[in-house]
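Here is a short set of exercises to work through with the model open in your viewer. Try each task before reading its solution.

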2 protein chains.
Amino acid sequence: MGSLPYDSVPKYNVLVVGSGGVGTMAAYAMEKSAKSAVTAVLRSNYAAVKRRGFNIDSRDHGNIIGWKPTHIRETIPDLAREAHIQPYDFIVVTTKNLADVPPSVAEIIAPAVTPGRTAIALLQNGLNIERPVVAAFPSNPVISGVPYIGAIEKPAGTIKHVNHDRLIVSPFCNPNIPASVSEEAARSFRDAYSCRAVTCEYEPDVRYARWRKLLYNASYNTVAAILGMDTSRMRVSEHVIDGLVRPAMREIQAAARVVAPGVELPDELIEELIRIDTYEGFFKPSMLQDVEKGKFIEFENIIGEPLREAEKHGVSMPTLKVVYALLKGLQWKTMEANGLVEVPRDCTPGMKYGKKGGR
Amino acid sequence: MGSLPYDSVPKYNVLVVGSGGVGTMAAYAMEKSAKSAVTAVLRSNYAAVKRRGFNIDSRDHGNIIGWKPTHIRETIPDLAREAHIQPYDFIVVTTKNLADVPPSVAEIIAPAVTPGRTAIALLQNGLNIERPVVAAFPSNPVISGVPYIGAIEKPAGTIKHVNHDRLIVSPFCNPNIPASVSEEAARSFRDAYSCRAVTCEYEPDVRYARWRKLLYNASYNTVAAILGMDTSRMRVSEHVIDGLVRPAMREIQAAARVVAPGVELPDELIEELIRIDTYEGFFKPSMLQDVEKGKFIEFENIIGEPLREAEKHGVSMPTLKVVYALLKGLQWKTMEANGLVEVPRDCTPGMKYGKKGGR
């Protein structure tokens with residue numbers, strides 16, 4: 001593996017996979033930084049964006065009509081077949097991370113990855129999301145991006161970006177390559193992303209930003225999805241906060257201390273996060289939005305992995321354990337609706353709980 | 001308080017409050033026993049039943065067209081104002097027990113209760129349901145009825161009764177009157193209910209039947225309501241059973257041992273109950289049916305009281321604690337929909353979690 005040419009090219013060649021709110025704003029920031037030429041892979045919004053570009057109403061960038069990145073396409077570039085495409089310096093993944101629903105992130109991006117060259121930036125939530133990517137691309141740096149941005153796409157091609165774009169960037173550990181290479185990749189990505197309007201910060205240690213974001217995502221996001229309640233109503237009810245949200249946050253806090261020594265998430269941060277959403281916004285966290293739309297939820301890395309890490313370290317998470325089991329049940333229903341699991345009309349042999357009853 | 005005249009009257013004067021599936025079949029059994037004259041208080045089905053009676057398709061009693069109990073009425077009899085009404089020997093309550101939503105059972109039946117005479121039979125699920133009734137009517141016997149019956153009303157006045165009517169009857173403890181009076185009331189009620197087609201059993205100790213029924217109601221019933229899943233799908237998924245239903249049942253089992261010494265709910269019973277519903281029935285437990293209809297759920301006595309009793313006795317119920325908090329959240333949503341709680345559009349002073357945020 002040669003040294004990465006981050007300083008030798010006039011513009012980084014960047015592929016953004018997942019152009020919803022987060023992906024589009026990432027593509028926009030990287031083009032605006034003037035250090036990147038972005039190819040965006042679009043799916044449901046391809047036709048709309050091809051025709052009239054993105055319309056973006058952005059807190060950071062103002063009102064933008066008809067914007068397009070350097071290239072848009074409908075499929076993942078296949079570098080083995082599309083010889084004219086230059087290797088990508090960065091692949092920026094902003095899809096949901098659905099560890100339990102194929103295809104995996106690694107499978108999706110594989111045709112576009114140049115071994116030993118492409119740095120893969122995962123702008124996604126959750127713990128241990130890098131593991132399958134490192135396993136699939138052992139010679140590539142993997143970058144952790146923890147986005148704090150509120151940006152939703154509705155309808156296709158129209159982005160409303162309401163919260164300042166703050167992105168925490170760190171190197172994920174890839175034990176197969178020198179740490180300095182991973183660090184350089186993450187720093188270069190920070191430079192490629194940074195423009196005047198956004199905040200992109202390099203943090204050497206990936207753990208704090210990931211665990212900190214779990215505080216909200218493993219509690220508000222999950223409970224909202226199960227109850228079908230926005231965060232303002234959860235706060236008005238009080239007992240949803242007292243009985244579920246804060247206990248879940250405290251379990252993340254306790255697990256972080258043991259699983260990631262040195263990561264201290266103070267009580268004050270918990271109390272701040274409980275009130276972080278603008279009350280008047282009646283905000284529906286992303287997992288609830290997905291449940292309402294019948295979409296898959298990304299819960300394995302947001303709650304499953306913290307739970308497994310905590311159990312491995314002897315930390316009990318009684319609230320999150322039950323919440324996790326319920327989310328798995330909700331996901332199972334979506335799987336059934338999408339034909340991924342089958343419900344026989346009669347008992348079939350070998351069914352674990354299939355023995356006929358009769359009250 | 002004189003002795004109860006259960007043997008001195010030709011027929012017991014019975015008031016049935018709550019004429020859905022369970023209430024109608026109770027009224028039918030008591031009239032059929034020929035020992036009771038039943039007045040049924042009907043609400044949403046009053047007009048339909050007044051016009052053409054009940055149509056009952058019963059596993060125990062066959063097909064019955066146009067049946068009416070001795071009297072039907074729309075309101076609770078007010079004995080102080082309706083002087084022609086004889087005192088009731090039994091008031092049979094088959095409504096849901098909504099401890100958290102007024103009016104209470106005691107408030108509902110109060111105008112029809114003759115102190116020192118009327119025995120109040122609660123054919124309802126859950127723990128400690130007798131406490132507010134004993135407190136409100138200290139001189140009256142209170143009878144525990146644990147029904148094992150599958151009977152639903154749909155549409156109004158039409159009952160489908162699919163499972164054999166088996167009713168466990170016991171005296172609830174009322175410390176203000178001699179135990180023998182409570183026991184005699186329960187035995188008389190058993191006689192008043194018993195006819196050839198149904199099974200009505202007297203058990204001296206109320207605890208076993210109540211805790212045993214909690215095994216199912218605190219697990220399948222509650223989890224189905226939260227997930228919106230029938231019990232067959234829960235079984236096909238397997239992990240909903242392994243991660244939620246069985247753990248909840250084991251917590252009830254462990255609590256029963258400590259809270260109600262002598263009540264032993266064996267492992268085999270748990271495994272039997274997991275498979276108790278006919279798989280082909282894709283059965284939706286009552287709490288799920290209520291959630292789907294936007295009705296209040298009776299969760300305080302089914303899960304709240306067992307939880308409080310267990311905590312009092314130092315038994316931890318980690319699964320049921322979270323399930324309880326979630327059900328309380330679901331109930332809160334129904335309360336909002338019914339105008340019982342208010343959601344301000346803006347933060348109001350004194351709001352516990354009202355401080356404005358902003359990410």
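The exercises below concern a predicted model, and each task is followed by a worked solution.

**Exercise 1. Strands around β2(A)**

Task: Find which strands pair with β2(A), in which sense, and over how many bridges.

Solution:
- Step 1. Begin with strand β1 of chain A, residues 12-17. This strand runs parallel to β2(A), and 6 bridges connect the two. To check the register, look at A:L15, which sits opposite A:T39 of β2(A).
- Step 2. Follow the chain between these two strands. From β1(A) the path goes through helix α1, residues 21-32 of chain A, and on to β2(A), giving a right-handed β-α-β crossover.
- Step 3. Now turn to strand β5 of chain A, residues 71-73. Its pairing with β2(A) is also parallel, with 3 bridges. Here A:V41 has A:R73 as its bridge partner.
- Step 4. Ask how covered the strand is. Of the 6 residues in β2(A), which spans 36-41, 5 are buried.

**Exercise 2. An annotated region**

Task: Describe the secondary structure over the range that UniProt lists as "domain: Ketopantoate reductase C-terminal" in chain A.

Solution:
- Step 1. Take the range from the record: the unreviewed UniProt entry gives residues 205-331 of chain A.
- Step 2. Tally the secondary structure over that range. Helix accounts for 72% and strand for 0%.
- Step 3. Compute the end-to-end separation, which comes to 32 Å between the C-alpha atoms at the two ends.

**Exercise 3. Where the two chains meet**

Task: Work out how many residues of chain A and chain B are in contact, how much area is buried between them, and how many salt bridges link them.

Solution:
- Step 1. Count residues: 55 from chain B contact 55 from chain A.
- Step 2. Turn to the area. An interface is often sized by the accessible area lost when its parts come together. For chain B and chain A this buried area is about 5000 Å², with 61% from carbon and sulfur atoms.
- Step 3. Look for charged pairs across the interface. There are 4 salt bridges between chain B and chain A. One such pair is B:R233 with A:E336, at 2.8 Å from N to O.
- Step 4. Stay with B:R233 and look within its own chain. B:R233 also forms a salt bridge with B:D230, where the closest N and O atoms are 2.7 Å apart. B:D230 has a relative accessible area of 7% and is buried, whereas B:R233, at 23%, is partly exposed.
- Step 5. Add a residue that reaches across. A:K355 belongs to the segment after α12 of chain A, and its contacts beyond four places in sequence are A:C347, B:R235 and B:R275. At 57% relative accessibility, A:K355 is exposed.

**Exercise 4. Salt bridges and what they join**

Task: Why does the pair A:R250 and A:D267 tie together parts that are apart in sequence?

Solution:
- Step 1. Set the wider count: the whole structure has 42 salt bridges over all chains.
- Step 2. Check the pair itself. The side chains of A:R250 and A:D267 form a salt bridge at 3.2 Å, N to O.
- Step 3. Place each partner. A:R250 is in helix α8 (residues 239-259) and A:D267 is in helix α9 (residues 267-274), both of chain A, so the pair links parts 17 residues apart in sequence.
- Step 4. Check exposure. A:R250 is partly exposed at 35% relative accessible area, and A:D267 is partly exposed at 35% too.
- Step 5. Compare with a pair in chain B. B:R308 and B:E300 form a salt bridge with closest N and O atoms 2.7 Å apart. Here B:R308 is partly exposed at 35%, while B:E300 is buried at 10%.
- Step 6. Finish with a network: A:D242, A:R246, A:E271, A:R275 and B:K352 are joined by salt bridges that share partners.

**Exercise 5. Two buried residues**

Task: Are A:T334 and A:D290 buried or exposed, and what do they touch?

Solution:
- Step 1. Apply the cut-off: buried means under 20% relative accessible area. A:T334, in helix α12 (residues 318-337) of chain A, has 13% and therefore counts as buried. A:D290, in helix α10 (residues 286-292) of chain A, has 10% and is therefore buried.
- Step 2. List contacts beyond four places in sequence. A:T334 touches A:G294, A:K295 and A:F296. A:D290 touches A:K96, A:K295, A:F296 and A:I297.
- Step 3. Put the lists side by side: A:K295 and A:F296 appear in both.

Note on methods:
Residues numbered from 1 in each chain as written. Chains lettered and ligands numbered in written order. Predicted model: local features only at pLDDT ≥ 70, side-chain atom pairs only at ≥ 80, totals over all residues. Heavy atoms only, no water. UniProt positions renumbered as here; feature names shortened; annotations may be inferred. Helix = DSSP H or I, 4+ residues; strand = E, 2+ residues; numbered from the N terminus. Buried < 20%, exposed > 50% of the residue type's maximum accessible area, 1.4 Å probe, protein only. Pairing = 2+ DSSP bridges. Right-handed = clockwise from strand over helix to strand, strands pointing away. Contact = heavy atoms within 4.5 Å. Buried area = accessible area lost by both parts, 1.4 Å probe.
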